[in-house]
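Let's take a short walk through this structure together. Keep your viewer's selection tool handy, and follow along one stop at a time.

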Amino acid sequence: MIKGKYVLSLWFFSVLMLLLETSNVYAQSSSFKDNIYPVGKLKPRDSVLTLKVGDRAPDFTLPAVEGGKITLSQYRGKKNVVISFVPAAWTPVCSDQWPGYNIAQDLFVKNDAILLGITVDNIPTLYSWTKQMCNPGEKLWFTVLSDFYPHGEVASKYGVLRSNGVSERALFVIDKNGFIRYIDVHDINQRPPLDGLATALEKLNQ
Amino acid sequence: MMSRPRPDNRILNIHRGIVLFILILLFSFGCVSSETKSSSNIYPAKVASPPEGKISLPVFEFPVPQSEGEKNYLGVSGAGNCKVTQINSPVLIIEIFNMYCPHCQRSAPFVNDLFQSIQGRTDLKQKIKIIGIGIGNSSYEVDLFKNKYGILFPLFPDQDSSISKMLGVSSTPTFIGAKINRDGTTEQFYFKAGELSDVTNFLSEILNLAGLKQEDTQ
């Protein structure tokens with residue numbers, strides 16, 4: 001009888017281990033393939049906007065992924081500027097917002113605008129994250145800047161730094177004179193439709 | 001001295017074992033199922049299994065295209081909305097895409113190749129039609145995608161994702177194949193998520209699963 005119990009226990013243990021192993025392999029392979037950290041549903045907004053349409057856009061200088069530094073005021077009198085703050089690399093909504101902008105270059109060009117993408121991540125993280133948005137050998141057409149150190153300083157200047165150190169999902173349109181013409185601090189869980197930005201850009205030329 | 005368990009205890013132990021086994025089984029499938037759901041928000045595509053058995057295509061509505069060419073292609077007329085079962089084609093391929101999804105962007109030239117492969121064959125062009133549904137995309141975003149990649153078949157926005165939810169799609173791109181019968185019934189015979197890159201194999205699989213005869217493919 002002891003032998004019977006032993007065999008039965010061993011059989012159940014084997015089945016249990018087999019099933020657990022199967023589900024672990026599935027989970028591991030799925031998350032490894034996806035590479036994206038699931039953040040779950042977040043508080044839609046967690047900061048207090050300090051700027052409004054009509055204000056002069058605070059100037060800043062940040063390092064760019066492709067090297068060198070970019071200063072906002074270098075575009076004054078030359079280009080309209082769209083700033084796209086996204087919360088963090090390797091997170092769900094952010095990972096498909098910029099690939100969408102990457103196929104919308106014509107929209108920016110026809111409105112004489114450039115796009116600056118900003119996150120609080122460091123340069124190496126942004127390098128690998130943005131690289132996987134493109135086909136091999138290609139790169140994003142727009143400039144990506146790192147607001148990593150001092151951490152979130154530019155996001156803070158624009159009133160879009162959340163309490164956990166990431167930025168809001170926010171769009172600012174700045175005209176050639178350096179004034180803010182459009183602000184959309186969006187629900188962090190949702191991607192802002194491109195329509196709103198397109199309308200704002202077209203208004204710049206009216 | 002060890003006493004032998006009574007026979008009814010042995011039966012009880014076996015019953016307990018069976019219950020335990022079923023619980024373990026349910027728990028394990030529960031883990032797999034919840035992982036599938038939680039990873040559905042993640043944009044890289046993953047391959048889903050084709051449905052088993054015969055299932056119908058959920059009947060959704062979409063706006064009648066404004067372009068006469070697209071109306072003729074789908075065999076629909078008028079204005080307003082029409083049902084998917086009104087599309088005049090024995091076989092329909094639906095691509096659920098998202099303008100923002102790099103996998104959909106990479107698949108776009110291949111889906112155009114698929115369309116041209118079908119349209120280039122007199123034996124197939126009246127038998128298989130393709131439409132695209134832009135999950136979470138506005139009309140503006142769908143038009144941008146269409147113009148950027150010169151998409152040759154009709155695309156429709158699904159901004160509130162209601163169509164995609166009806167179809168059970170959680171990652172993009174997803175390709176669905178369905179038969180539309182003359183009596184208005186449907187049969188969904190193909191459902192797969194992931195990039196399209198091998199047009200020949202994809203078309204061959206669609207033809208086989210749709211039950212189109214070999215001579216139809218020549």
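Begin in chain B of this predicted model, where five strands make up an open sheet with mixed pairing, ordered β5-β4-β3-β6-β7. Select residues 155-158 and 186-193 of chain B: these are β5 and β7, the edge strands, each of which pairs on one side only. As you turn the view, note that neighbouring strands in this sheet are rotated by 20 degrees against each other on average, direction ignored.

Stay with β7(B) and add β6(B), residues 174-180; the two pair in the antiparallel sense over seven bridges. For one of these pairings, click on B:G177 and look across to its bridge partner in β7(B), B:Y190.

Next, find the helix α4(B), which lies across β4 (128-135) and β5 of chain B and runs at about 145 degrees to β5(B).

Now bring in chain A. Show α6(A), residues 194-204, together with α4(B), residues 139-149: their axes are 8 Å apart and the packing angle is about 85 degrees. The two helices, α6(A) and α4(B), are therefore roughly perpendicular. To see the contact itself, display A:L194, A:D195 and A:A198, which meet B:Y140, B:E141 and B:L144. By class, this contact of α6(A) with α4(B) has four nonpolar residues, two charged ones and no polar ones.

Last stop: which residues of α6(A) are buried? Colour A:L194, A:L197, A:A200 and A:L201, as these are the buried ones. They span an arc of only 130 degrees around the axis, so they sit on the same side of α6(A). Flip to the other side of α6(A) and you will find A:T199 and A:E202 exposed.

Technical notes: Residues numbered from 1 in each chain as written. Chains lettered and ligands numbered in written order. Predicted model: local features only at pLDDT ≥ 70, side-chain atom pairs only at ≥ 80, totals over all residues. Axes fitted to C-alpha atoms, helices over the stretch in contact; angles between N-to-C directions. Helix = DSSP H or I, 4+ residues; strand = E, 2+ residues; numbered from the N terminus. Parallel < 35°, antiparallel > 145°, perpendicular 65-115°, else oblique. Contact = placed C-beta atoms within 7 Å. Nonpolar A, V, L, I, M, F, W, Y, C, P; charged D, E, K, R; others polar. Buried ≥ 20, exposed ≤ 12 C-beta atoms within 10 Å, placed from the backbone. Arc of directions from axis to C-beta. Pairing = 2+ DSSP bridges.
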